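Please open the structure in the viewer and keep the selection tool at hand. The tour below proceeds stop by stop, stating what to select and what is found there.

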Amino acid sequence: IRGIWFMKDSFKYNFSCFTALIVDDDEMALKYLTRNLEEYFGFVMFAKDGEEALDKFQTNRVDIIITDFYMPNKSGFDFIETIRKSGFKTPVIYISSYPNSEILLNVIRQNVLAFLVKPVDLNELLELVQDSILPVKIDSNLPSSINSQEYKLASGAIVNLKYKIIEKDGKKIF
């Protein structure tokens with residue numbers, strides 16, 4: 001009973017049909033994030049720099065990227081810049097031990113989800129992920145052309161083909 005209070009709230013965050021890519025040259029941070037996020041995601045990939053991340057991104061489906069800004073070989077900024085120029089709008093969360101105004105100005109231009117300072121608070125990260133990759137309910141009064149991947153059935157269920165989720169009465173089936 002004593003240990004129950006620190007159990008992770010894994011039922012709250014279920015990203016089992018999503019893939020995360022974590023990019024960091026700090027081995028300790030990379031292991032920490034990978035190990036923790038594997039409990040929530042269906043698949044977690046990791047890379048030690050932007051070059052390795054780009055290779056993994058180009059050969060795998062990636063639903064969210066969590067990347068350090070400064071890294072050898074290819075920075076996180078350069079990696080994201082490359083995929084943005086190719087038209088990918090994959091949600092990105094930057095992490096860094098050395099935040100400054102130059103970084104913030106650069107990441108704003110890349111239309112990223114968030115910027116977190118290390119050490120990363122896991123709950124804050126999971127909240128950001130939840131807000132970025134889980135589908136938003138569509139009001140039935142809106143035209144269906146707004147999101148052709150999501151449909152509201154007569155039964156009240158919402159079917160999202162992109163994320164392979166069916167939701168009804170607040171319950172989600174992945």
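In which hand, left or right, does helix 1 pass helix 5 in their crossing? Before selecting them, please note that the model is predicted.

**First stop: helix 1 and helix 5**

Select residues 27–37, which form helix 1, together with residues 122–133, which form helix 5. The crossing of helix 1 with helix 5 is right-handed. On the side of helix 1, the contact is made by Tyr32, Leu33, Asn36 and Leu37; on the side of helix 5, Leu122, Leu125 and Leu126 take part. Sorted by class, the residues of this contact comprise six nonpolar, one polar and no charged. The two axes come within 12 Å and cross at roughly 60 degrees. Helix 1 and helix 5 are therefore oblique to each other.

**Second stop: the whole chain**

Now display the whole chain as a cartoon. The chain holds five helices and nine strands. Followed along the sequence, the pattern reads β-α-β-α-β-α-β-α-β-α-β-β-β-β. The chain has 174 residues, of which 43% count as buried. Among contacts with a separation of 6 or more, 58% involve residues 24 or more positions apart.

**Third stop: helix 2 and helix 3**

Select residues 50–59 for helix 2 and residues 76–85 for helix 3. At what angle do these two helices pack? The angle is about 30 degrees, and the axes are 8 Å apart. Helix 2 is therefore roughly parallel to helix 3, since angles under 35 degrees count as roughly parallel. The crossing of helix 2 and helix 3 is right-handed. To view the contact itself, show the side chains of Ala53, Leu54 and Phe57 in helix 2, and also mark Gly50. Opposite them, in helix 3, are Phe79, Thr82 and Ile83. The residues of this contact divide into five nonpolar, two polar and no charged.

**Fourth stop: Ile22**

Move to strand 1, residues 15–23, and select Ile22, which lies in this strand. Is Ile22 buried or exposed? Ile22 is buried, with a relative accessible area of 0%. Apart from neighbours within four places in sequence, Ile22 is in contact with Leu30, Leu33, Thr34, Leu37, Val44, Met45, Phe46, Ala47 and Ile66. Leu33 and Leu37 were already met at the contact of helix 1 with helix 5. A distance may also be drawn from Ile22 to Tyr94: their C-alpha atoms are separated by 10.0 Å, although the two residues are 72 residues apart along the chain.

**Fifth stop: aromatic rings**

A pair of aromatic rings is described by the distance of the centres and the angle of the planes. The count of aromatic pairs in this model comes to six. Select Phe15 and Phe41, a tilted pair with 5.1 Å from centre to centre and 35 degrees between the planes. Phe15 belongs to strand 1 and Phe41 to strand 2 (residues 41–47), so the pair ties together parts that are 26 residues apart in sequence. Both Phe15 and Phe41 are buried.

Next, select Phe69 and Tyr70. The ring centres of Phe69 and Tyr70 lie 5.0 Å apart and the planes stand at 85 degrees, so this pair is edge-to-face. Phe69 is buried, at 5% relative accessible area, whereas Tyr70 counts as partly exposed, at 35%. Extend the selection to Phe77 and Tyr94: with Phe69 and Tyr70, they form one aromatic cluster.

**Last stop: three loops**

Which residues in the loops call for a closer look at the backbone? Select Asn73, in the loop between strand 3 (64–68) and helix 3. Asn73 has a positive phi of about 65 degrees although it is not a glycine. With 60% relative accessibility, Asn73 counts as exposed.

Continue to Asn111, in the loop between helix 4 (101–109) and strand 5. Asn111, likewise not a glycine, has a positive phi of about 55 degrees. Asn111 is exposed, with a relative accessible area of 65%.

Finally, select Lys118 and Pro119. Is the peptide bond from Lys118 to Pro119 cis or trans? This bond is cis, with omega near -5 degrees. Pro119 is placed in the loop between strand 5 (114–117) and helix 5, the helix with which the tour began.

Terms used:
Residues numbered from 1 in each chain as written. Predicted model: local features only at pLDDT ≥ 70, side-chain atom pairs only at ≥ 80, totals over all residues. Heavy atoms only, no water. Axes fitted to C-alpha atoms, helices over the stretch in contact; angles between N-to-C directions. Helix = DSSP H or I, 4+ residues; strand = E, 2+ residues; numbered from the N terminus. Parallel < 35°, antiparallel > 145°, perpendicular 65-115°, else oblique. Left-handed = near helix turned anticlockwise from the far one by under 90°. Contact = heavy atoms within 4.5 Å. Nonpolar A, V, L, I, M, F, W, Y, C, P; charged D, E, K, R; others polar. Phe/Tyr/Trp six-rings, centres within 6.5 Å; stacked < 30°, edge-to-face > 60°. Buried < 20%, exposed > 50% of the residue type's maximum accessible area, 1.4 Å probe, protein only.
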